[in-house]
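Please read the following account with the sequence and the model side by side. The explanation proceeds from the chain as a whole to one pair of helices, and then to individual residues.

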Amino acid sequence: MSKSELDKKFIEAFGDNLRKVRHERDMSMEDLAHASELEYSQISRIERGIINTKITTVNAIAKGLKISPKQLFDFKK
């Protein structure tokens, strides 16, 4: 598997984990967008694995979810 294919799988796994964590906290994408001061569309693109988000955005999302950023990376690719 090429590096770009591995990167895509990692980005998709991150998005899947974000969705799982958000659902565990009974938050909608709108709720998370508001809590993290991000656009709804950005949350959507991250969860669908469309964009490779910045670490500062990961931190904002973690704060919005009231978790450690590390928890967003706690998944198997």
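The radius of gyration used here is taken over C-alpha atoms, and the rule for a globule is 2.2 Å times the number of residues to the power 0.38. For a compact globule of 77 residues this gives a radius of gyration near 11 Å; the protein chain has 12 Å, and the two therefore agree. The structure under discussion is a predicted model, and every value in this account is to be read in that light.

Along its principal axes, the C-alpha trace of the protein chain extends over about 35 × 20 × 20 Å. The chain contains five helices and zero strands, so that its pattern, followed along the sequence, is α-α-α-α-α. Of the 77 residues, 38% count as buried. The accessible surface comes to about 5,200 Å², and carbon and sulfur atoms account for 52% of that surface. Contacts can also be considered by their separation in sequence: among those between residues at least 6 apart, 56% join residues at least 24 apart.

One pair of helices may now be examined. Helix α2 comprises residues 29-36 and helix α4 comprises residues 55-65. The axes of these two helices come within 8 Å and cross at roughly 110°. Because angles of 65 to 115 degrees count as roughly perpendicular, α2 is roughly perpendicular to α4. Which residues meet where the two helices are in contact? On the α2 side they are Leu32, Ala35 and Ser36, and on the α4 side Ala60, Ile61, Gly64 and Leu65. By class, the residues of this contact divide into five nonpolar, two polar and no charged.

The loops on either side of α2 each contain a residue with a positive phi. Aspartate 26 is found in the loop between α1 (3-24) and α2. Its phi is about 50°, a positive value, although the residue is not a glycine. Aspartate 26 has a relative accessibility of 70% and therefore counts as exposed. Glutamate 37 lies in the loop between α2 and α3 (40-47). Glutamate 37 likewise is not a glycine, and its phi is positive at about 60°. Is glutamate 37 buried or exposed? With a relative accessible area of 73%, glutamate 37 is exposed.

Two threonines present another environment. Threonine 53 is placed in the loop between α3 and α4. Its relative accessibility is 16%, and threonine 53 therefore counts as buried, since the cut-off for that class is under 20% relative accessible area. Apart from neighbours within four places in sequence, threonine 53 is in contact with Phe14, Gln42, Ile46 and Val58. Threonine 57 lies in helix α4 and counts as buried at 7% relative accessibility. What does threonine 57 touch, residues up to four places away in sequence not being counted? Threonine 57 touches Leu38, Gln42 and Ile46. Gln42 and Ile46 thus appear among the contacts of threonine 53 and among those of threonine 57.

Finally, glutamate 12 lies in helix α1. With a relative accessible area of 29%, glutamate 12 is partly exposed. Glutamate 12 and alanine 60 are 48 residues apart along the chain, and their C-alpha atoms are separated by 19 Å. Alanine 60 was encountered above as one of the α4 residues that meet α2.

Notes:
Residues are numbered from 1 along each chain as its sequence is written. This is a predicted model: local features need pLDDT of at least 70, side-chain atom pairs count only at pLDDT 80 or more; totals for chains, interfaces and linings use all residues. Side-chain values use heavy atoms; hydrogens and water are left out. Axes are lines fitted to C-alpha atoms, for helices over the stretch in contact, and angles run from 0 to 180 degrees between N-to-C directions. Helices (H or I, at least four residues) and strands (E, at least two) are DSSP runs, numbered from the N terminus. Angles under 35 degrees count as roughly parallel, over 145 as roughly antiparallel, 65 to 115 as roughly perpendicular and the rest as oblique. Contact means heavy atoms within 4.5 Å. Ala, Val, Leu, Ile, Met, Phe, Trp, Tyr, Cys and Pro count as nonpolar, Asp, Glu, Lys and Arg as charged, and the others, Gly among them, as polar. Buried means under 20% relative accessible area, exposed over 50%, partly exposed in between (1.4 Å probe, protein chains only). Accessible areas come from the Shrake-Rupley method with a 1.4 Å probe; for residues, only the protein chains shown count as cover.
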